[in-house]
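I set out to look up a few local features, the strands, the helix packing and the cores. The entries below follow the order in which I took them.

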Amino acid sequence: MPKFLTRILLLIVVAAFALGGASAQQATESRTAALQKSIAKIEADIEKSLANDDRLVMIRVEADKLVKELIDFGVSFRPELGTINKRLGELGQPPKEGEPAEPPEVTAERSSLLARKAAINVELGAAEKLSIRANEAISRIGDLRRDIFANTLFRRTPIAAIFVDENVQAFRNDLRQFWRTLSSRIQFVWNFRTNAFLAATGLTVLLSTVVWFLLHRTLGRFFGYWVQAGELSYFSRLSRAFWSTLIPSLTLCANLGIAYWLFFNFGIFSGQSLELVQALLVSIAAFYFIARLVLALFSPWRPDLRITRFRDPAARALFALTLGMALVYILDFFMNWVSGIFSSSLAVTVAQTVIASLLIGILLLMAAMVKPYTDKNTGEPVQWPAIIRIPLILLAAFVIGAALSGYIGLARFSAGQIIVTGAIIATMLIGLQSGRALATAGTLQGSALGRFLQGRFGFNEVSLDQLSVVLSLAIYMLVALIGLPLIALQWGFNRVDVSNFIYRLFTNIQIGSINISLFAILFGALLFILGYVLTRQFQAWLDRNVMARSRVDEGVRNSISTVTGYLGIGIAAVIGVSAAGFNLSSLAFVAGALSLGIGFGLQNIVNNFVSGLILLAERPFKVGDWIVAGQTAGTVKRISVRATEIETFQKQTVILPNSDLINQAVGNWTHRNHMGRVDIAVGVAYGTNPRQVHDLLLELAAADPSVLKVPAPFVVFTAFGDSALSFELRFHVRDVLEGSVIATRMRFAIIDAFEARGIQMPFPQRDLNLKSDDLQKLFGDLQPAPKQAKNGSKAKSGRVARGTGTRPKPAKA
Amino acid sequence: MKSLIAAIFIVAGLGGAAQAATIINTDGQDYSLQITEGGAQSEIGIAAGQSVSVCPAGCFVTMPNGDRETLSGGETVEIVNGKATIK
């Protein structure tokens, strides 16, 4: 019974699966059919618009979309495929011959799953084929557009035939029609849809004011200090040029966008009039941007804000000329758009293009003739350097020549490229100059940003300087990353080519068999820096919050935080290196090869390194200890991995290699505690009562508060010296670092006490015995000194005192 | 001019440039995959234990066992015992 039930259940499951599969199959089939239809439509469209560039661009966008759709379609099978594969894995392989047979349900389910999988594979195969077709269509569009481009570029139109009265009339008609279309529409709207018109206009004014207020006022005030007169740094002038171009342009664009959106949504303009408004708005925005850029570049009326070294008249002339070129170019662009809307005769467009190209050429020629610089010595105006002047003249001549000889397409194309590429290059140059100015030391400090960072985040001069280098690099990269693709796209490179190039540049530069990925290297460096910072943070937290609170011994704290630091940096380095794409196993190979070299050459360093680790682990001394190692005695300042810094009492820093500290005996005065013994040697004259001295010294020791009672001080009667009875007062002090101070105090006390009791501290004394014969010999020959000889003979023997006073052994302090 | 405006938008869009898919071969055996990317079919070999980055713009892949998969970029594909799993 249960077996029967399970069978039925299984059957239901399989059936449901099959049914679901069937309906899914139908859905995908219809989707495949739809995709197939779109590709067929694209192919047909291409054949229909072989000579229409604009249309081809549109088809290209469609094809790109289709390729993406195909990929998405393929990806949409993934969950189902995953489920099927998982289930198949659970079911296992079908039993081979000789193996026991499996239940028929399992076989049924497997075959159903396999069938579904095969169906999906077929779908995917179809999608793959379609994607190939779509991509072929894309490349065909590319070929066609190249042909069209070449045709328009190199088609010759006899221009004598265009400047006829008829065309002039047609041109006038175009303008008139433009005006009529707009005004009649406005009139219509004014008469019949007054409310909508008023609402749209009112809202436009309102929103524009808000945007203007927000962008211009707030940001403008933020950057307002440039407006104040006075000497501005080069960087300030550059940033002023940048912002004074960007902010007003953005404000205008936002306002125009708002206006367009409102007028579109309120239905004020539609059809032709809407297109005309579009053309007008885009032209206004473009002209305004170029005008602001040119104004910022040449600053014709404010020499103090100028970012170039041009003379005043030259700056004004260049301003006028470039503005003129931009005006001509944009008028041409606008008129072309308008004649496209009205489908005017080609002759009008050609005539207008010829005039525009000629004007641009002439203006360019005039710009090449300007003398922008001043000779430093004579003060005479100087021309452009040949490297700028000659290409400008050649370009101008080329444009004029092309226009006059009838190659209208070429003239128009080159004039357009000169202006657009020129504008991009000029903008890039401002960016590059800013980067360069920023990299110069001290620039950031003088700027508003620098002051802000200093005031708000407490950046000091050094970190500001480092930040400025990083920022300038970032600006360079940004300029290159935005400007170069813009120029490339402008010159007809394909979007996919450019994005693939950038992608490869960052992820996969192949040199021989080595793959370098800039992105990975940057990422690795970033990870390393992050790891470093985290390590330092962790170290500080561990030291401050955990170990300081747990009252861990300072030496242990120091050891642990040092080891944590090295460990963290090591881990960060390993993570960084592997993230940068270097294979760690190959590094291990290199390390293996190097270890032989290390064995010989770097033996010493490795020895010190290992010794350093041992010092940190074993801790024979810690930072702050007073140690004696060989000839060096002093306080330990820092234990690092290769060497240990010791500061002697003369404040000389001695760097002692760690291996020395491991291999030789190191005395540590403050190893477990700071208690230490001070020995003071005292000599008293023969004849003094030694017991009295003994007691006196003990009394003195007991009287000093710094002398420890336990272990008790004691006096040792050390020797019967040549000239004195030698004693040594030995006592313990709590802090051996104060030993010399206490010893000095004790010596003063001893001298005072001895003087008070009349105890003498003798000089070292010698008995000198001289024989009289020797004296005779010595003085006999010396005639002029008979008296002395007599004295000498009399003094058969005499004591000659000689010495330097008491010389108590210095206490070990 | 229109192309400049288009170019500016494209450059702005390049910021989110596509990410490649990564295929990792965890087996001790070399495999070859058939990849269709941008209308071109190509065969790539993945050595044992190697990982390769493919098709930032999305592609169709035929796995060694005949399974077909579609990658949109950014995925990690692991080949374990000749079977591919996408993560």
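**Entry 1. Backbone exceptions**

I began with A:Arg619, which is partly exposed, with a relative accessible area of 30%. The model is a predicted one, and I read every value below as computed from it. A:Arg619 lies in the loop between α20 (603-618) and β5 (626-629) of chain A. Its phi is near 55 degrees, a positive value in a residue other than glycine. I noted this because most residues other than glycine have a negative phi.

I then turned to A:Ser299, for which phi is near 40 degrees, again positive without the residue being glycine. This serine sits in the loop between α8 and α9 of chain A. Is A:Ser299 buried or exposed? Its relative accessibility is 7%, and the cut-off for buried is under 20%, so A:Ser299 counts as buried.

I also looked for a cis peptide bond. The bond from A:Val710 to A:Pro711 is cis, with omega near -5 degrees. A:Pro711 belongs to the loop between α22 (690-703) and β11 (714-720) of chain A. Most peptide bonds are trans.

**Entry 2. Strands β6, β7 and β8 of chain A**

I followed β7 (residues 643-647) of chain A through its pairings. Strand β6 (residues 632-639) of chain A is joined to β7(A) by four bridges, and the two run antiparallel. Within this pair, I found A:Arg638 opposite A:Glu645 in β7(A). The connection from β6(A) to β7(A) is a hairpin through three residues.

On to β8 (residues 653-657) of chain A: this strand pairs with β7(A) over five bridges, in the antiparallel sense. Here A:Glu647 faces A:Thr653 in β8(A). The hairpin of β7(A) and β8(A) has five residues between the strands, and in it A:Lys651 takes a positive phi near 65 degrees.

How many of the five residues of β7(A) are buried? I recorded four, so the strand is largely enclosed by the rest of the structure.

**Entry 3. Helices α3 and α4 of chain A**

I checked how α3 (residues 78-91) and α4 (residues 104-154) of chain A pass each other. Their axes come within 10 Å and cross at roughly 150 degrees. The crossing of α3(A) with α4(A) is left-handed. On the α3(A) side, the residues that meet α4(A) include A:Leu81, A:Ile84, A:Leu88 and A:Leu91. Among their counterparts in α4(A) are A:Val106, A:Leu113, A:Leu114, A:Ile120 and A:Leu124. Charged side chains also take part, including A:Glu80 and A:Arg87 from α3(A) and A:Glu109, A:Arg110 and A:Lys117 from α4(A).

**Entry 4. Nonpolar cores**

Which residues of the largest nonpolar core touch the most other members? I noted A:Phe298, A:Leu318 and A:Ile360, out of 49 residues in that core. The elements of chain A that give two or more residues to this core are α7 (234-265), α8 (272-298), α9 (312-342), α10 (346-369), α11 (386-404), α12 (408-439) and α15 (461-490).

I looked up A:Leu318 separately. Setting aside its neighbours within four places in sequence, A:Leu318 is in contact with A:Phe298, A:Phe310, A:Ala367, A:Val370, A:Pro372 and A:Trp384. There is also a second, separate core of 29 residues, which includes A:Ile46, A:Ala63, A:Leu81 and A:Ala137. I had already met A:Leu81 among the residues of α3(A) that meet α4(A).

**Entry 5. Chain B and its sheet**

I closed with chain B, which has one helix and eight strands. The helix comes ahead of the strands along the sequence, in the pattern α-β-β-β-β-β-β-β-β. Of its 87 residues, 40% count as buried. Its accessible surface comes to about 4100 Å², of which 50% belongs to carbon and sulfur atoms.

Strands β2 (residues 31-37) and β5 (residues 59-62) of chain B run antiparallel and are joined by three bridges. B:Thr36 stands opposite B:Phe60 in β5(B). Both strands belong to an open sheet of four strands in the order β3-β2-β5-β6 (chain B), with antiparallel pairing. Why is one side of β3 (40-46) and of β6 (68-71) left without a neighbour in the sheet? Each stands at an edge with a single partner strand. Neighbouring strands of this sheet are turned by 25 degrees against each other on average, direction ignored.

Finally, I noted that helix α2 (residues 53-75) of chain A packs on this sheet, touching β5 and β6 of chain B. The direction of α2(A) makes about 125 degrees with that of β6(B).

Notes
Residues numbered from 1 in each chain as written. Chains lettered and ligands numbered in written order. Predicted model: local features only at pLDDT ≥ 70, side-chain atom pairs only at ≥ 80, totals over all residues. Heavy atoms only, no water. Pairing = 2+ DSSP bridges. Axes fitted to C-alpha atoms, helices over the stretch in contact; angles between N-to-C directions. Contact = heavy atoms within 4.5 Å. Core = buried A, V, L, I, M, F, W, Y, C linked by side-chain atoms within 4.5 Å. Buried < 20%, exposed > 50% of the residue type's maximum accessible area, 1.4 Å probe, protein only. Areas by Shrake-Rupley, 256 points an atom, 1.4 Å probe, with all protein chains shown as cover. Left-handed = near helix turned anticlockwise from the far one by under 90°.
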